[in-house]
Amino acid sequence: MTTMLEVTGLDASYGPVQVLRGVDLHVDEAEVVVLLGANGAGKTTTIRAICQMVDTKGSVTLGGAELVGTRPEKMAGLGIAHVPQGRGTFPELTVDENLQVGAFVRKDRAHVRGDIERSYMLFPRLGERRTQLAGSLSGGEQQMLAVARALMSRPRLLLLDEPSLGLAPLIIQGLFARFNELNREEGVTMLIVEQNANLALDIADRAYVLEAGRIVLSGSAAELRSNDAVRRAYLGF
Ligand code: ATP
């Protein structure tokens with residue numbers, strides 16, 4: 001397995017408040033890795049630290065190249081697509097325009113239209129609403145659009161921050177089925193922060209548990225699923 005993302009000794013702070021303390025994790029090529037943890041554990045901060053959106057110390061490499069010190073706006077060009085918590089689409093643009101914007105870093109302009117049509121096959125609801133303003137979509141549709149838009153950059157690594165937040169159970173299941181498809185059929189590598197641990201572990205290869213800014217447990221999805229502490233804290237049985 002080739003390591004795609006390697007995080008070593010990562011500290012992150014908001015001003016004087018240190019949130020991450022020596023986080024080590026890695027994501028191999030074509031893997032799905034889930035980051036679990038209670039509210040406030042530092043999951044979003046980990047994603048933001050990887051994208052250099054917060055003050056960080058330590059090392060984050062993508063395909064061996066160091067990201068610490070890189071400006072956040074360079075991440076898309078390096079192959080990282082980030083779907084932030086609470087979505088991140090342009091409400092005043094249509095669905096189709098949002099997808100076009102998602103492809104702005106690409107040089108192969110000729111293939112962009114074809115990929116937009118592929119997004120509509122992956123998320124048929126978006127196809128039906130291609131001329132609708134993103135701001136008028138339902139929460140679930142906006143989440144699909146945020147993911148589809150991220151994929152338009154043809155990322156090497158997709159970072160998803162609580163994609164299920166605020167969505168109905170059926171929509172969540174559909175969304176995770178799509179993540180699974182994208183990984184299995186197109187080999188998209190993913191790091192997912194998710195409160196819905198059951199569903200996330202279903203599609204994940206491996207998982208990490210973050211507590212108070214430190215990784216306290218890691219293993220295969222099956223190992224974590226059968227761990228008593230994980231079951232009690234995150235799986236609810
Ligand atoms: P949740 O599951 O509730 O989203 P999380 O694990 O993603 O939680 P983070 O959002 O990473 O947690 O927050 C970790 C800690 O950092 C929390 O104590 C939070 O209050 C603090 N924090 C987050 N953003 C900021 C900020 N901009 N300024 C100061 N502190 C912050």
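Is A200 buried or exposed? In this predicted model, A200 has a relative accessibility of 0% and therefore counts as buried, since the cut-off for that class is under 20% relative accessible area.

**View 1. Surroundings of A200 in helix 8.** Helix 8 comprises residues 197–203 and includes A200. When neighbours within four places in sequence are left aside, the contacts of A200 are V34, F176 and E194. For orientation, the C-alpha atoms of A200 and H82 are 17 Å apart in space, while the two residues are separated by 118 residues in sequence.

**View 2. The ligand and its shell.** The ligand is surrounded by 13 residues, of which G40, G42, K43, T44 and T45 are the closest. Helix 1 (residues 43–50) supplies 3 residues, the largest share of this shell. Classified by residue type, the shell consists of 7 polar, 4 nonpolar and 2 charged residues.

**View 3. Polar contacts of the ligand.** Two side chains and one backbone position are shown here. In the side chain of K43, an N or O atom lies 2.7 Å from an oxygen atom of the ligand. For the side chain of N39, the corresponding distance from an N or O atom to an oxygen atom of the ligand is 2.9 Å. A41 takes part through its backbone, with an N or O atom 3.1 Å from a ligand oxygen atom. On its own, the ligand has 640 Å² of accessible area, and the protein covers 59% of this area.

**View 4. Helix 6 and the elements that cover it.** Helix 6 runs over residues 139–151, and its 13 residues should span 18 Å at 1.5 Å a residue; the end C-alpha atoms are 19 Å apart, which agrees with that expectation. The helix is mostly covered, with 12 of its 13 residues buried. Among the buried residues are the charged E141 and R149, as well as M144, L145, V147 and L151. The cover over the buried residues of helix 6 includes two strands, strand 6 (80–83) and strand 7 (157–161). Helices also contribute to this cover, including helix 3 (95–102), helix 4 (112–122), helix 5 (124–128) and helix 7 (169–186).

**View 5. T94 in a connecting loop.** T94 is placed in the loop between strand 6 and helix 3. Its relative accessibility is 14%, so T94 counts as buried. Not counting residues up to four places away in sequence, T94 touches R130, T131, Q132, L133 and A134.

Methods: Residues are numbered from 1 along each chain as its sequence is written. This is a predicted model: local features need pLDDT of at least 70, side-chain atom pairs count only at pLDDT 80 or more; totals for chains, interfaces and linings use all residues. Side-chain values use heavy atoms; hydrogens and water are left out. Helices (H or I, at least four residues) and strands (E, at least two) are DSSP runs, numbered from the N terminus. The expected span of a helix is 1.5 Å times one less than its number of residues. Buried means under 20% relative accessible area, exposed over 50%, partly exposed in between (1.4 Å probe, protein chains only). Contact means heavy atoms within 4.5 Å. A residue is near a molecule or strand if one of its heavy atoms lies within 4 Å of it. A polar contact is a pair of N or O atoms within 3.5 Å; within protein, one must be able to donate a hydrogen and the other to accept it, and residues adjacent in sequence count only if both atoms are side-chain atoms. Accessible areas come from the Shrake-Rupley method with a 1.4 Å probe; for residues, only the protein chains shown count as cover.
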